[in-house]
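Reader: Before accepting the labels attached to a model, I would like to see the reasoning that leads from value to label. Could we go through some of them in turn?

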Amino acid sequence: RDAQESRGLGDVYKRQMEASTPYCEETSRLLKLNVDDVISEAVAYNALGYLHAREGKPEPALDNFEKGLSLIAGDIDPALEVMLLHNRGVALMLYGLTDLAIASFENAYELKDALAEDDPLPHLLAYNLGYLQAQDGKHEEALKSYASVMQWLAESGQMARVYIAHTQVALSLTAINKPQEALDELLPWMERTDISVSPDSVAQAYLAIGNAYLGLKDQTGAEAALLEGMEIARSSGNPSRLRELTLAYSRMLLVNREYKSVLNHLDELIVTLNDNGVSEGRDKAHRLLASAHAGLGNFPKAYEHSVAAAEAQTIMHSETYARRLASLSVSNELDLKDQQIALSVEREQAALAGRRLSEFFQLGIIAAILTVFILIFLVFSRRNNRMEAKIQGEAAKRLKEEVEVRTKEVEAAVTERYAAEQGQAEMELRVLKDEKLRSIGQLTGGVAHDFNNLMTIILLSAELLLPEICLLYTSPSPRDS
C-alpha cells in the first residue's frame, strides 16, 4: 500500500472515533445519575475505558476499567469480568507496564470457562499475550500464542488482526534469526488489497520486512521497505513508529558509511521526538549521530552527541524508574482494589450466608409447624379411621344379620312359592287327566252308540233275511233233484 492509502485509512479511523465520542460523553453524563443496574453501569465504564484506550489515554482508561470491576465483584457477571480484565490489561500495556498487563490477561484467561463456547475473548487474550511476549523478548512463546489464534482470526473474518498477527510473527522470526521465514510469512499479506488496516499497522509491517531483508543482507530491499514505512509513519503522525523505522534505517546507512544521510534522517527524528515529547529512543539516535559525526571527522559534534546520548539515557533510566514506581503504585492500587473486591465478596458471601441461615431457620420453623400439624392430622386421622372402622364393622355385622334374615325369608318365600306352584301343577295335571278321561268316555260312548246303531241295522236286516235263509237251507238243491 502507498502512503496515500494509509492516510485515507487513518482518516476513516479518525472519523469513527469522532462519531463515537458524543455517545461516550452522553454515557459519562448518565453515569453521574443514580444508575440502579450495576451490570449496565459496568458496561458503560467498560465502553468509556475502551474509548480512552483507543485514544491512547491509559490513565482514564484504567480508572474506568477498575470502576467496572469493582461493581461486578462476586460472580455477578463472569463474562463481563473477563472482558474488563482483558481491557485493563490493554490499558496497562499502553502504560508500558508489561508485567501487570500479562498478569491481568492471565487472570482473565483463568475465568474463560465462564464464557460461552463460541465467545471470541479467549482468542483475543492469546492474541494480546503474543504481542506482550514479543515486546518482552519472549519470541518463542509469542509465536506459540499467535499460532493458536491464526486460524480463528481467519475463520472469523478479522483480516486486519490476521495482518497484524503475521506482522508480529515476522518480527519474532527475524529476532530469532529466521529472516527468510519472516518474509515468507508477511509478504503475501502485504500484497493483498482486500484488507483494510490502520497506517500504524502498515508501517509496522514495513519495519518487519525491512528487518528481515537486513537479516538476509539485502540492503536494497531493506531500504525500500524502511523508507516506505517511514513515509507512512510520518504522514500519519506516529512518532513512535517513525523512531523505530528511522533508527533501523540509520543503522543500515551507518554500516554503508553514508554518514550525511544518517545525519539528515536522525536530526529530523530528534526534532520530531522533541516536538511530540517522546523521550524513548533519543539516546540511540544521539549515539548514531555521534558515530556519523565521528565518521565524518567532526569529533566535537560527536562528543556533543555522546554527552546528549548519556543525558538521554539518564532521563530514560529516570523515566524507567518512574515507570517502575508507577507500576508499583498501580500494582499496589490494583492489589488494594482486589483486596477491597475480595473483602466485598466476603461480606457479600457472609451476608448471603446470614440470609441463607435466616431462611434456613425460617424454613425450619415452618417445617416444624407443618410437622406438628401433620402429626395432629395423623392422630385425628387415625382416630377417625378407628371410629370409621368400628362403625363400618358394626354396620357390616348388622348388614350380615339383616342379610341372613332376608335370606331366610327369601328362602321361605321361595319354598312356599315352590310348594304352591307344585300343588298348582298337580291340580292342573289332575284336571288334564279328568278332561282326558272325559274325552275318552265321550269318544267311547259315541263309538258305542254308532256301533249300536250299526248292530241294530244289522240285526234288523238279519231278521228280514232270516226267513229267506231258512228257506234256502230247507229246500233241496238242484243236484239232489
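Reader: What makes Tyr127 count as buried in this predicted model?
Author: Tyr127 has a relative accessible area of 8%, and because buried means under 20%, Tyr127 falls within that class.

Reader: How do you know whether Tyr146 is buried or exposed?
Author: The relative accessible area of Tyr146 is 1%, which is set against the limit of under 20% for buried, so Tyr146 is buried.

Reader: Why is the arrangement of Tyr127 and Tyr146 called an aromatic pair, and why edge-to-face?
Author: The structure holds one aromatic pair. The ring centres of Tyr127 and Tyr146 are 5.9 Å apart, and because rings pair if their centres lie within 6.5 Å, the two tyrosines qualify; the planes stand at 85 degrees, and an angle over 60 counts as edge-to-face. The pair links distant parts of the chain, with Tyr127 in helix H6 (residues 121-135) and Tyr146 in helix H7 (residues 139-147), 19 residues apart.

Reader: What is the position of Arg161 relative to Tyr127?
Author: Arg161 lies over the face of Tyr127, at 5.8 Å from the ring centre, and the distance condition for such a placement is within 6 Å.

Reader: Why is Leu363 called exposed?
Author: Leu363, which is found in helix H16 (residues 299-474), has a relative accessibility of 56%; because exposed means over 50%, the label follows for Leu363. Leu363 also helps to make a nonpolar surface patch of about 720 Å², together with residues including Ile366, Leu370 and Phe377.

Methods: Residues numbered from 1 in each chain as written. Predicted model: local features only at pLDDT ≥ 70, side-chain atom pairs only at ≥ 80, totals over all residues. Heavy atoms only, no water. Patch = residues over 30% accessible without salt bridge, like charges linked within 9 Å, V, L, I, M, F, W, Y side chains within 5 Å. Areas by Shrake-Rupley, 256 points an atom, 1.4 Å probe, with all protein chains shown as cover. Salt bridge = Lys/Arg side-chain N within 4 Å of Asp/Glu carboxyl O. Helix = DSSP H or I, 4+ residues; strand = E, 2+ residues; numbered from the N terminus. Buried < 20%, exposed > 50% of the residue type's maximum accessible area, 1.4 Å probe, protein only. Phe/Tyr/Trp six-rings, centres within 6.5 Å; stacked < 30°, edge-to-face > 60°. Lys NZ or Arg CZ within 6 Å of the ring centre and 35° of its normal.
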